[in-house]
Amino acid sequence: MKQSIAKSPLFRGALVVSMMLALVPQVFAMHISEGYLSPGWCISWGVICIPFVVAGLIAIRRQITEAPKTKILMAMAGAFVFVLSALKIPSATGSCSHPTGTGLSAILFGPLVTVVLGLIVLLFQALLLAHGGLTTLGANTFSMAIAGPLAAFGIYKLCKKLGVPKAVSVFLAAFLGDLITYVVTALQMGIGFPETAGSLGATLVEFLSIFAVTQIPIAICEGLLTVVIVNVLDKYAKENLAQLRAF
């Protein structure tokens with residue numbers, strides 16, 4: 001039994017991801033930093049996230065009850081989010097951008113499960129990597145773990161309904177989900193500091209332009225990587241994917 005588990009492609013994949021986690025350096029990428037938002041906005045974004053988190057916990061419990069074998073796949077999806085969102089890519093203006101990794105989880109498990117996975121990732125990054133912050137946890141959760149996954153899931157389902165090839169559907173979901181995350185982040189910062197450029201609209205444009213040069217290529221790379229991973233899972237973990245009914 002132990003030997004069969006050790007030979008499992010999912011087990012090997014989880015082992016590789018775990019090794020990657022051990023090698024991730026301390027980074028300060030584009031989560032909203034500690035103390036950047038006012039207390040009022042920190043509390044407001046946190047309150048908005050609460051019903052999504054509760055629904056996500058219920059969805060995870062239901063998923064594990066219905067298909068216990070998908071727990072390893074779920075853990076891998078969470079590790080994928082951790083690794084990608086912890087990568088630091090300097091932008092042209094001195095800011096930083098990074099992939100999110102939430103598109104894969106949204107496609108496999110839906111947006112509600114991804115909310116909880118994203119929250120756990122953001123919490124660990126804030127505590128262990130000084131990446132993001134505890135006061136801005138609600139805002140970061142909303143942009144990366146709620147808005148982005150909802151967009152990715154909706155785009156994937158729409159493409160599937162329209163008969164778009166699976167590879168294209170997965171790419172568009174991961175690509176656009178990543179970009180939506182950054183649009184929402186820019187909006188959050190713009191609402192919090194509309195006086196930066198004189199108005200909310202001007203501030204939003206300013207924040208978007210900070211990382212636009214780097215984020216679009218990053219989103220393209222994330223989309224392609226997600227397609228590769230889905231193809232691997234489709235080849236080596238068909239039984240698990242069938243239980244998810246993602247495809």
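## A walk through the helices

Begin with the whole chain: among contacts between residues 6 or more positions apart, 76% join residues separated by 24 or more positions. Keep in mind that this is a predicted model.

**Whole protein.** Colour by secondary structure. You should find 10 helices and 2 strands. Along the sequence, the order is α-α-α-α-β-β-α-α-α-α-α-α. Now switch on the surface. It comes to about 11800 Å², and carbon and sulfur atoms hold 73% of that. Of the 247 residues, 47% count as buried.

**Helix α6.** Select residues 111–128. This is helix α6, with 18 residues. How far apart are its end C-alpha atoms? They are 25 Å apart. At 1.5 Å a residue the helix should span 26 Å, so the two values agree.

Next, show the side chains of α6. The buried residues are P111, V113, T114, V115, V116, L117, G118, V121, L122, Q125 and A126. Which helices do they pack against? The partners are α3 (39–66), α4, α5 (102–109) and α7 (137–161).

Step just past the end of α6 to A130. Its phi is positive, at about 55°.

**G118.** Go back into α6 and pick G118. Its relative accessibility is 1%, so G118 counts as buried. Now add M144. The two residues lie 26 apart in sequence, yet their C-alpha atoms are 7.0 Å apart in space.

**α3 against α6.** Show these two helices together. Their axes come within 7 Å and cross at roughly 110°. That crossing makes α3 roughly perpendicular to α6, because angles from 65 to 115 degrees count that way. Select the contact residues on each side:

- From α3: F52, V53, A55, G56, L57, A59 and I60.
- From α6: L112, V113, V115, V116 and L119.

V113, V115 and V116 in this contact are also among the buried residues of α6.

**α4 against α5.** Hide α3 and bring up α4 and α5. Are they roughly parallel or antiparallel? Their axes are 8 Å apart, and the packing angle is about 155°. An angle over 145 degrees counts as roughly antiparallel, and α4 and α5 therefore fall in that class. Label the residues that meet:

- From α4: L73, M74, A77, F80 and V81.
- From α5: T102, L104, S105, L108 and F109.

**S85.** Stay in α4, which covers residues 71–85, and select S85. Is S85 buried or exposed? Its relative accessible area is 0%, so S85 is buried. Look at its side chain. It reaches the backbone oxygen of F82 at 3.5 Å.

Now show what surrounds S85. Beyond its neighbours within four places in sequence, S85 touches H31, H98, P99, T100, V121, Q125, H131 and M144. Several names will be familiar. V121 and Q125 are buried residues of α6. M144 is the residue you paired with G118.

**P217.** Leave P99 on screen and jump to helix α9, residues 200–236. Select P217 there. Its relative accessible area is 39%, so P217 is partly exposed. What separates P217 from P99 in space? Their C-alpha atoms are 9.8 Å apart, although their positions lie 118 residues apart along the chain.

**Last view.** Show S85, P99 and P217 together. P99 is in contact with S85, and the C-alpha atoms of P99 and P217 are separated by 9.8 Å. S85 is buried, whereas P217 is partly exposed.

Methods: Residues are numbered from 1 along each chain as its sequence is written. This is a predicted model: local features need pLDDT of at least 70, side-chain atom pairs count only at pLDDT 80 or more; totals for chains, interfaces and linings use all residues. Side-chain values use heavy atoms; hydrogens and water are left out. Helices (H or I, at least four residues) and strands (E, at least two) are DSSP runs, numbered from the N terminus. Buried means under 20% relative accessible area, exposed over 50%, partly exposed in between (1.4 Å probe, protein chains only). A polar contact is a pair of N or O atoms within 3.5 Å; within protein, one must be able to donate a hydrogen and the other to accept it, and residues adjacent in sequence count only if both atoms are side-chain atoms. Contact means heavy atoms within 4.5 Å. The expected span of a helix is 1.5 Å times one less than its number of residues. Accessible areas come from the Shrake-Rupley method with a 1.4 Å probe; for residues, only the protein chains shown count as cover. Axes are lines fitted to C-alpha atoms, for helices over the stretch in contact, and angles run from 0 to 180 degrees between N-to-C directions. Angles under 35 degrees count as roughly parallel, over 145 as roughly antiparallel, 65 to 115 as roughly perpendicular and the rest as oblique.
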